[in-house]
Amino acid sequence: VVQPRLIVLSAGEYPAGERITERLRGRLLRRRIPVWVTSEVGTVTLSFGKDRLRARSMNGDTLEIVPDH
(Lines give C-alpha, C1' and ligand atoms only; values in the text may rest on other atoms or scores of the structure.)
Protein backbone atom coordinates (compact mmCIF):
# COMPACT_ATOMS: atom_id res chain seq x y z
CA VAL A 1 0.00 0.00 0.00
CA VAL A 2 1.38 3.39 -0.99
CA GLN A 3 0.76 6.16 1.54
CA PRO A 4 2.44 9.33 0.29
CA ARG A 5 3.21 12.13 2.72
CA LEU A 6 3.89 14.72 0.02
CA ILE A 7 3.00 14.91 -3.66
CA VAL A 8 5.11 17.13 -5.90
CA LEU A 9 3.54 17.84 -9.28
CA SER A 10 5.77 19.27 -11.98
CA ALA A 11 3.71 21.77 -13.90
CA GLY A 12 4.32 24.07 -16.78
CA GLU A 13 2.24 26.06 -19.21
CA TYR A 14 2.93 23.81 -22.21
CA PRO A 15 1.66 21.50 -23.46
CA ALA A 16 -1.76 22.70 -22.36
CA GLY A 17 -3.18 19.17 -22.41
CA GLU A 18 -0.83 18.15 -19.61
CA ARG A 19 -1.68 20.91 -17.15
CA ILE A 20 -2.91 19.91 -13.71
CA THR A 21 -6.69 20.06 -13.57
CA GLU A 22 -8.78 21.30 -10.66
CA ARG A 23 -10.38 17.85 -10.61
CA LEU A 24 -7.02 16.18 -9.99
CA ARG A 25 -6.03 18.77 -7.41
CA GLY A 26 -9.33 18.31 -5.56
CA ARG A 27 -9.00 14.54 -5.55
CA LEU A 28 -5.51 14.72 -4.07
CA LEU A 29 -6.44 17.33 -1.46
CA ARG A 30 -9.37 15.22 -0.26
CA ARG A 31 -6.81 12.60 0.75
CA ARG A 32 -5.27 15.21 3.09
CA ILE A 33 -1.84 14.89 1.54
CA PRO A 34 0.22 18.05 0.97
CA VAL A 35 0.36 18.85 -2.75
CA TRP A 36 3.11 21.13 -4.04
CA VAL A 37 2.73 22.28 -7.65
CA THR A 38 6.00 23.56 -9.08
CA SER A 39 4.30 26.32 -11.08
CA GLU A 40 3.11 27.72 -7.73
CA VAL A 41 5.87 26.89 -5.23
CA GLY A 42 8.88 26.96 -7.57
CA THR A 43 11.69 24.45 -7.49
CA VAL A 44 11.41 21.72 -4.86
CA THR A 45 14.61 20.42 -3.29
CA LEU A 46 14.66 17.06 -1.53
CA SER A 47 17.39 16.35 1.05
CA PHE A 48 17.79 12.80 2.25
CA GLY A 49 19.20 12.11 5.69
CA LYS A 50 19.72 8.91 7.61
CA ASP A 51 16.32 8.99 9.30
CA ARG A 52 14.41 11.72 7.50
CA LEU A 53 13.58 13.50 4.30
CA ARG A 54 13.34 17.27 4.05
CA ALA A 55 11.44 18.91 1.22
CA ARG A 56 11.93 22.62 0.66
CA SER A 57 10.31 24.81 -1.96
CA MET A 58 11.52 28.09 -3.45
CA ASN A 59 8.66 29.95 -1.75
CA GLY A 60 9.92 28.88 1.68
CA ASP A 61 7.67 25.92 2.50
CA THR A 62 9.48 23.14 4.34
CA LEU A 63 8.29 19.66 5.22
CA GLU A 64 10.20 17.14 7.35
CA ILE A 65 9.25 13.52 6.82
CA VAL A 66 10.34 10.85 9.28
CA PRO A 67 9.63 7.25 8.24
CA ASP A 68 7.42 4.99 10.33
CA HIS A 69 9.34 2.05 11.75
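## Strands and pairing

Two strands count as paired if DSSP finds at least two bridges between them. Helices (H or I, at least four residues) and strands (E, at least two) are DSSP runs, numbered from the N terminus. With that in hand, welcome to the sheet: a hairpin joins β3 to β4 through four residues.

A word on the model itself: it is predicted, so local features need pLDDT of at least 70 and side-chain atom pairs count only at pLDDT 80 or more, while totals for chains, interfaces and linings use all residues. Residues are numbered from 1 along each chain as its sequence is written, and side-chain values use heavy atoms, with hydrogens and water left out.

## The three-stranded sheet

β3 covers residues 44–48 and β4 residues 53–57; the two run antiparallel and are joined by five bridges. β4 is also antiparallel to β5, this time through four bridges. The connection from β4 to β5 is again a hairpin with four residues between the strands, and G60 in that turn has a positive phi of about 105°.

Put together, the strands form an open sheet in the order β3-β4-β5, with antiparallel pairing. β3 and β5 (62–65) stand at the edges with a single partner strand each, so one side of each has no neighbour in the sheet. On average, neighbouring strands of this sheet are turned by 15° against each other, direction ignored; here the axes are lines fitted to C-alpha atoms (for helices over the stretch in contact), and angles run from 0 to 180 degrees between N-to-C directions.

For a handy path across the sheet, start at L46, whose bridge partner in β4 is A55. From A55, the bridge partner in β5 is L63.

## E64 and its two arginines

E64 lies in strand β5. What does E64 touch, leaving aside its neighbours within four places in sequence? E64 is in contact (heavy atoms within 4.5 Å) with R52, L53 and R54. As for T45, the C-alpha atoms of E64 and T45 are 12 Å apart in space, with their positions 19 residues apart in sequence.

Two of these contacts are salt bridges, meaning a side-chain nitrogen of Lys or Arg within 4 Å of a carboxyl oxygen of Asp or Glu. The side chains of E64 and R54 meet in one at 2.5 Å, N to O. E64 lies in strand β5 and R54 in strand β4, so this pair ties together parts that are ten residues apart in sequence. The side chains of R52 and E64 form another, at 3.4 Å, N to O. That pair links distant parts of the chain, with R52 in the loop between β3 and β4 and E64 in β5, twelve residues apart.

How accessible are these side chains? Buried means under 20% relative accessible area, exposed over 50%, and partly exposed in between (1.4 Å probe, protein chains only). E64 is partly exposed at 36%, R52 is partly exposed at 37%, and R54 is partly exposed at 26%.

## Salt bridges around the helix

The structure holds four salt bridges. One of them pairs the side chains of E22 and R25 at 3.8 Å, N to O. Both residues lie in helix α1 (residues 22–30), three residues apart, about one turn of the helix.

Is each partner buried or exposed? E22 counts as exposed at 59% relative accessibility, whereas R25 counts as buried at 18%.
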